[in-house]
Amino acid sequence: EELWVPHLLSLGLIVHAKSWHPDFLTELSLVVREEVFSSKTMICKEGSASTAAYYILQGHLATITTIGRGQRADFYDGMWVGEQCFVSPLRRRNGTIVAQVLTRLMVVPSDGFRDLLARLNITDLFQDFVKSHLEQGLCGRCGGVGDHFTHVCPVRSHVVRPRRQHSQRRLCCLRSNAEESAVCQYTVEGDGGSDETQWHSFLHAHRLLPLLPLLSQHEIRSLHAFDNLSSWDVLKFQAEDEEMRNQIDELKALQEERREELLQRLSEDKPFLDQHLAFLSHFKIEAGTEAVLMRGELEACLKDRAAPTNVHFAQMLHAPIFLDSEDLSDLGELQARVRQSHNLVLLLSPRVLERPWVLIEIVTALDADIPILPVQLVKPGAEFVYPDEAFYERLRNGDLIDDRGQALLDEQDIGPATIEAALRQVFRKIAVPYSPHRNEGIRKAELAQLVKQFRMKSPGGEDGDALVKYMNSVVAEDQIPSSVGHARTEAPAVPPSRPVQASTSFSRTSSDLLRGSNGVLSGWLKSNEQPPTDGASSNA
């Protein structure tokens, strides 16, 4: 303990952790070890897992990176390298570290650090501290927390290596009163203020404030907007010089780190993993086979490296696409499955709207604010007729659903007015076609169109809310391919004697379509392509 504690206290993060439990520092010193590296030895490689942090007892380390400038200021006695491994086990090394002379290092394993937090029951305190402070900085050069990161530390001068005087001076400052130092030197007061203030603090911590005017031109004024930023090529094109382009590369790498850390935290959240990206609602007699085929092809689509960003998270879920293949007889369990889903996919077959279970699934989804995505099954002899006023009249008169089905709806307190309102809302959307009897390439293109419409409801907690904001916003960047058609699902005002066919022409103007379909057709408009004209078939 006497050997390692003075060196451990040179990092502000450990100073804070010491105040959470009286045994933390003593226990941490037991997992520390010393290693010696000869000159020109590579200690860790860029892109490798961050398994440990290193404190330089004596020596000289150089870092080489492909991000930004390529080489950063060297590290000397009394400095930390790889300290970010304490924050997240998912982090990868952002540079290759090489010993320049015979170097002695104190090694602190990241798994030992995190196991100690769990054993002392202070993991929640640590995670709260990470969220509230470490976005503003953690520096291995000076040990500071909440102001800047290592690669932009003011100590990173190119003068001759600082010897023991510098190290001991910093240790004395930290040890004079560890608890007061932790509060006074390393904390950022309050919650960071407004979104814009937090954004400025983030840029300041990484010494990227020179990018602020350029980012503001692109409406990037918060961390949320930064997480959704995709126009990196445009930013680099508008950069004034090579220095600014290097800073943009660093900012892009920071965005990827934030996303990976967020997904890592959710990968450990069991309630989140039990959710479903999509629930397939269908009438088994008419569309059971097609539903099984769709589930298999959707799951394959999610594993495709070309899948849109908004569904990458689904690969972590235990059952990304839920299909009632076990014929659940417990209606309560089925409704729970709907509520655990982020989207409900409604397979449109001839009599699907006469099935009480399907209607209950639709109402349950809308009550839980879950998007419902209608899918037009394209197969001979199974055309779906969209609801018109005659349909809703039959529903109100009780002529649509049999007595047994009506009793089931009554048990759930779901009346005709509720069903009508739900169906009218569902059929405001444009249906995506799915052609089970056509070739695999066509089906894949149709499902890609469906996947791009998937959204997320919040899985709860700050991490879940952050992921929802990011994933749902990313969809706006992905445009619907113009090569795949849409089936219009909103029934036009026609006399009851003229039933609405599944293959309906586009008769509204492009601006009306854009408003009525929640922007689904924005891909056509932004690429200067025209939507199908009147009389054109909407089938794929």
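In this short talk I will go through one helix pair and two loop residues in a predicted model.

Let me begin with the helices. If you find α14, which covers residues 284–303, and then α20, which covers residues 440–451, you will see that their axes come within 10 Å and cross at roughly 70 degrees. Because angles of 65 to 115 degrees count as roughly perpendicular, α14 is described as roughly perpendicular to α20. On the α14 side, the contact is made by Leu293, Met294, Glu297, Leu298, Cys301 and Leu302, while α20 contributes Arg443, Leu447, Leu450 and Val451. When we sort the residues of this contact by character, eight are nonpolar, two are charged and none is polar.

Now I would like to turn to the backbone. As general background, most residues other than glycine have a negative phi. With that in mind, please look at glutamate 219, a residue other than glycine whose phi is positive, near 60 degrees. Glutamate 219 sits in the loop that runs between α9, residues 212–217, and α10, residues 223–227, and with a relative accessible area of 54% it is exposed.

Where, then, does aspartate 413 lie? Aspartate 413 is found in the loop between α18, residues 403–411, and α19, residues 416–426. Its phi is near 60 degrees, again a positive value in a residue other than glycine, and at 69% relative accessibility aspartate 413 counts as exposed.

To gather this up, the model gives us a helix pair, α14 and α20, crossing at roughly 70 degrees, and it gives us glutamate 219 with a positive phi in one loop and aspartate 413 with a positive phi in another.

How values were computed:
Residues numbered from 1 in each chain as written. Predicted model: local features only at pLDDT ≥ 70, side-chain atom pairs only at ≥ 80, totals over all residues. Heavy atoms only, no water. Axes fitted to C-alpha atoms, helices over the stretch in contact; angles between N-to-C directions. Helix = DSSP H or I, 4+ residues; strand = E, 2+ residues; numbered from the N terminus. Parallel < 35°, antiparallel > 145°, perpendicular 65-115°, else oblique. Contact = heavy atoms within 4.5 Å. Nonpolar A, V, L, I, M, F, W, Y, C, P; charged D, E, K, R; others polar. Buried < 20%, exposed > 50% of the residue type's maximum accessible area, 1.4 Å probe, protein only.
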